[in-house]
Amino acid sequence: MILQMNGIKKSFGSNEVLKDISLQVDSGEVVSIIGPSGSGKSTLLRCATFLETIDSGEIIYMDKQAVTTGTNGQAVYVGKNELAQVKRYFGLVFQQFNLFPHYSVLKNIMDAPIHVQKRLKEEVHQEAMELLRKMDLEARADAYPCQLSGGQQQRVAIARALALKPEILFFDEPTSALDPELTGEVLKVIRQLAEEKMTMVVVTHEMPFARAVSNRVIFMDKGFIVEQGDPEEVFGNPQQERTKQFLKNYQR
Amino acid sequence: MTLSTMLASMGEGMLRTCAIFFLTLIFSMPLGMIVMFLRRSRFRIVREITKIYIAIMRGTPLMLQLLAWYFGPYYLFGMSIRGYRFPAIIIGFAMNYAAYFAEIYRGGIEAIPQGQYEAAEVLGYNSVQTFFKIILPQVIKTILPSVTNEVITLVKDTSLAFTLAYNEMFSLAKQIAASQTSFMPFVIAGIFYFIANYVVAFVMERIEKHYDYYK
Ligand SMILES: Nc1ncnc2c1ncn2[C@@H]1O[C@H](COP(=O)(O)OP(=O)(O)O)[C@@H](O)[C@H]1O
Ligand SMILES: [Mg+2]
């Protein structure tokens, strides 16, 4: 098991956004999360990546307990150093890419492995070039993000996350900020990673993609997991009324 | 009085003007950074006090502030202010410009999208790395035009040191103009400020060019 999130609760003020969510992800699994806007999908990923702190529940990465909840119901995070260790297990790809504009493509990818993981520059460079080849961006290694299309930027962001060799990669609507004609090139890269058995959790509105690529689909609504299972089951034969309603809006 | 003797007697004033200029920059730019951090403190009381400080520095004439810094210790505490003229000028300028720089820095910092911090955090950068590697270079780029404006204003503001009867270049120009009944010292002063600002603009443009490689 790569990730276990159990009984996650998260509120913003009086707005309870995650109401007892549990999510387990096995090695090599590709999990898609779908659901209407505002249902808490981003918040779930942000809690999983420690960008938000949960109110209660537990988070375990690779048998390392990162967050526990005692009898008083308050989530307790492990110390800073231990948390830094756990952070090495995951990567996150943002909807808005969030590349560093003042770094070249290559430096965006190489900087964290060198300065955070303290790995050797030569080795990191080689791997970065390898990743760029995979993303079909070899020729743009020296370009700056502002010189790239959205689709290219997102592929660089994926390469940047992969350069740290995470065990699991989260995607928060990786194609939502892209022009429709550019979504394909990003989805293709994610599909390729799925074939290589990269463990991934993808929040997406690309239903055909979720159906084709994932091992499991989770439908979230109003802070709950309403339904989950095999993509053919969830898309082909949804059990819950809310799932049916939601999916109907996506059929043309 | 020949032109060269005029220049010679104004020369020392020019050095003093340069001293005010550089010392003000050296102190006010880092001080502005501290003021900016206080202005963004998580403690409300610190934020409010800093806001008042900035409001006073920006809302009252620098000339008045110089007088207050110089004579304040005497009138408030009865302290001797002999030999304190130059330090008072530097303190007055630095405290005033720090307020302006703080607001410029703050604008620059607040213009950085939250996503930059989040990306850095997920990639594992610590907060010092995030600030110096990711945030600061982008802040510098965005604030350069405003900093240039401020520096050019400072060149001209140095003449306010005459308030404390400090013989910087402009004060000397006035004295010589009066004693020689000549307009020439003012022409020289004008040329001096113009050239100084030309150099400032040139240097700042070079720095801006240096950051031009991305948008
Ligand atoms: N930082 C925040 N502060 C306050 N409310 C937030 C914050 N982030 C998200 N929310 C609220 O949480 C709910 C779920 O948001 P989100 O997780 O972004 O949903 P989704 O990604 O499924 O569209 C929304 O009602 C949103 O307004
Ligand atoms: Mg979202």
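This is a short selection-by-selection tour of a predicted model.

**Stop 1: ligand 1 and its shell**

Start with ligand 1 in your viewer. Then select the residues around it on chain A: A:Phe12, A:Asn15, A:Val17, A:Pro36, A:Ser37, A:Gly38, A:Ser39, A:Gly40, A:Lys41, A:Ser42 and A:Thr43. Color them by class. Seven residues of this shell are polar, three are nonpolar and one is charged.

Now switch on the secondary structure. Which elements of chain A each give at least two residues to the shell around ligand 1? They are β2, spanning 15–25, and α1, spanning 41–48. The largest share, three residues, comes from α1(A).

**Stop 2: polar contacts of the ligand**

Zoom in on the oxygen atoms of ligand 1. Pick A:Lys41 and show its side chain. An N or O atom there sits 2.8 Å from a ligand oxygen. Step back to A:Gly40. A polar backbone atom of A:Gly40 is 3.1 Å from an oxygen atom of ligand 1. Next comes A:Ser39. Its backbone contributes an N or O atom at 3.2 Å from an oxygen of ligand 1. How much of ligand 1 does the protein bury? Taken alone, the ligand exposes 560 Å², and 59% of that is buried by the protein.

**Stop 3: strand β3 of chain A**

Select residues 30–34 of chain A, which form strand β3. Is this strand enclosed or open? Five of its five residues are buried, so the rest of the structure largely encloses β3(A). The cut-off for buried is under 20% relative accessible area.

Show the side chains. In a regular strand they alternate between the two faces of the sheet. Here A:Val30, A:Ser32 and A:Ile34 point one way, while A:Val31 and A:Ile33 point the other way. Both sets are buried.

**Stop 4: the partners of β3**

Add strand β9, residues 199–203 of chain A. β9(A) pairs with β3(A) in the parallel sense, over four bridges. To locate the pairing, click A:Ile33 and look for A:Val203, which stands opposite in β9(A).

Then add strand β10, residues 216–221 of chain A. β10(A) also runs parallel to β3(A), and four bridges join the two. Click A:Val31 this time. The bridge partner of A:Val31 in β10(A) is A:Arg216.

**Stop 5: A:Thr199**

Return to β9(A) and pick A:Thr199, which lies in that strand. Is A:Thr199 buried or exposed? A:Thr199 has a relative accessible area of 3%, so this residue counts as buried. Show A:Gly28 as well. A polar atom of the A:Thr199 side chain lies 2.8 Å from the backbone nitrogen of A:Gly28.

**Stop 6: chain B**

Hide chain A and center on chain B. How many helices and strands does chain B have? The count is eight helices and zero strands. Along the sequence the pattern reads α-α-α-α-α-α-α-α. Draw a box along the principal axes: the C-alpha atoms of chain B fill roughly 70 × 50 × 25 Å. Of the 215 residues in chain B, 46% are buried.

**Stop 7: cysteines**

Bring both chains back and select two cysteines, one per chain. A:Cys146 has a relative accessible area of 33%, so it is partly exposed. B:Cys18 is partly exposed too, at 28% relative accessibility. How many disulfides does the structure hold over all chains? Zero.

Terms used: Residues numbered from 1 in each chain as written. Chains lettered and ligands numbered in written order. Predicted model: local features only at pLDDT ≥ 70, side-chain atom pairs only at ≥ 80, totals over all residues. Heavy atoms only, no water. Disulfide = S-S within 2.5 Å. Buried < 20%, exposed > 50% of the residue type's maximum accessible area, 1.4 Å probe, protein only. Near = heavy atom within 4 Å. Polar contact = N/O pair within 3.5 Å; in protein donor to acceptor, adjacent residues only side chain to side chain. Areas by Shrake-Rupley, 256 points an atom, 1.4 Å probe, with all protein chains shown as cover. Nonpolar A, V, L, I, M, F, W, Y, C, P; charged D, E, K, R; others polar. Pairing = 2+ DSSP bridges.
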